Amino acid sequence: MNAPPPARIAVVGASAAGLGVVEGLRREGYAGGLTLIGDEPHLPYDRPPLSKQLLTGEWGSDRLGLRGAAAIEALGLDLRLGTKAVALDTRSREVRLDRGGAVGYDALVVATGAAARWLAGTRGVAGVHVLRTLEDALGFRAELRPGVRLVVVGAGFLGAEAAAVARGAGAEVTMVTDAALPLGDVLGPVLGGMLAGVHVEHGVRIVSGTRAGTVLADHGRATGVRLTDGRVLDADAVLVAVGAVPNVGWLAGSGVPLGDGVECDATLYAGSGVWAAGDVANWPHPRTGSRIRIEHRTNAAEQGIAVARNILAGPGRAVPFDPVPYVWSDQYGLRLQIYGRTRGTDTVRIVEGAPEDRKLVALYADGGRVRGVVGVNMPRATRGYRALVAETAALDERSVA
Amino acid sequence: MEISLDFDKCCGAGQCVLAAPEVFDQRDDDGVVVLLDADPPAEEYENVRRAAQVCPAAAIDVRP
């Protein structure tokens, strides 16, 4: 017999993870009080298109909704949008809100995500942008016109996707990365090199092995970026895409264990009736034992579902969260798909296709075990190798059969 | 159960195929979702709802 479920569940954060929790709870038959608090004024919307279809202008913001209004309505939520949680009292079990008042709970899910990291002193400088929210994306999109000189600081997925879109809009794009190659730490030299080649072919200038130091401005408007090696890149606009920091400030003093995010156990439980899901959750991965935090769209949804299930399972019946992470990226005509983890692996083996064709599947292994698979323009074939990642299979000849 | 797919949104993740392999597949060339069974039996409903929920592109809509 399961213990009775908590009478009142509050979820703070109304993006993919928070939505995953409330949908998961209702799908599993939870009929109790369910409050969803989100600081943005919008119904839950999707972020991956912000650096893809929304940024190109192909989609309007009306296409970003994760669910239709009717589907949200059907969840029977006490929905508090445009409302920021500012403090947590785990003794009285209350979330305090910026508008005054508080929401009581028996179980709480922290799904407050992460905020874009800025370069010091650049907030409020005209022409300097981050890309995290719908408003960010619309503001940045307005800068993209033929001839505008754009410096993209950071060459992770977000920076690389934005660079590709900006080239499509006719901007003169320079991408700055402290790594040797854009996405080199994720993809390794062969695929990273292929991707860098595609950017260069499309006219992106890549400045690698150095960092952006300061943004130069005149009358409050960005004019360039000074690199730590002293060089100056002239710019009309700057996109800062150097990662994100988990939104845990409101939990200070609450007793919820904080480090790089909310430090949960393997079941995503942080103690005192508090759970975490999505970009903000830091948990020991059952297979590796090391703590990780994942900022990917699929992880947010899966963790939301897992937390919903674990809350309802009751004490002692919660199960560890053991995902095969998945992420995709669109750049020019390329679609990259990654299952598992590629960072820090020691071997890359291309098992289908070839980099020169820009169609391939590559296995990433560490200590002879498959940890990740990367596909370029071969989505269905790539999925076929996911099982090897799930099993951390030996990278032997059978792996490529 | 009514399943509608937004093929433009589909990113070829294949998460739906993993959740409900009897109902979804992917096209070979671009990985876009293929609906194998537009009117799946009741025992598939749970899998289909999960597929809709984990789809990273929110491309699957399920009613009721």
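Trainee: Let's start with the interface. How much area is buried between chain B and chain A?

Mentor: Keep in mind that this is a predicted model: local features need pLDDT of at least 70, side-chain atom pairs count only at pLDDT 80 or more, totals for chains, interfaces and linings use all residues, and side-chain values use heavy atoms, without hydrogens and water. Residues are numbered from 1 along each chain as its sequence is written, while chains are lettered from A and ligands numbered from 1 in the order in which they are written. Buried area is the accessible area (1.4 Å probe) that two parts lose on being put together, summed over both. Carbon and sulfur atoms give 43% of the area here, and the total is about 2,300 Å².

Trainee: How many salt bridges does the rule find across the interface of chain B and chain A?

Mentor: The rule wants a side-chain nitrogen of Lys or Arg within 4 Å of a carboxyl oxygen of Asp or Glu. One such pair is R63(A) with D8(B), whose closest N and O atoms are 4.0 Å apart. Across this interface, the count comes to 6.

Trainee: And which element of chain B gives the most residues to the side that touches chain A?

Mentor: Helices (H or I, at least four residues) and strands (E, at least two) are DSSP runs, numbered from the N terminus. Those giving two or more residues to this side are helix 1 (15-19), strand 2 (24-26) and helix 2 (45-54) of chain B. The top contributor, with 6 residues, is helix 2 of chain B.

Trainee: Which residues are joined into one network with R383(A) by salt bridges that share partners?

Mentor: R383(A) forms a salt bridge with D25(B), at 3.5 Å between the closest N and O atoms. That pair crosses between chains, from helix 8 (residues 379-384) of chain A to strand 2 of chain B. Both partners are buried, meaning under 20% relative accessible area (exposed is over 50%, partly exposed in between; 1.4 Å probe, protein chains only). Joined with R383(A) in the network are R380(A), D25(B) and D28(B).

Trainee: Within chain A, E40(A) forms a salt bridge with R47(A). Is E40(A) buried or exposed?

Mentor: The closest N and O atoms of the two are 2.9 Å apart. R47(A), at 24% relative accessibility, counts as partly exposed. E40(A) has 16% relative accessibility, so E40(A) counts as buried.
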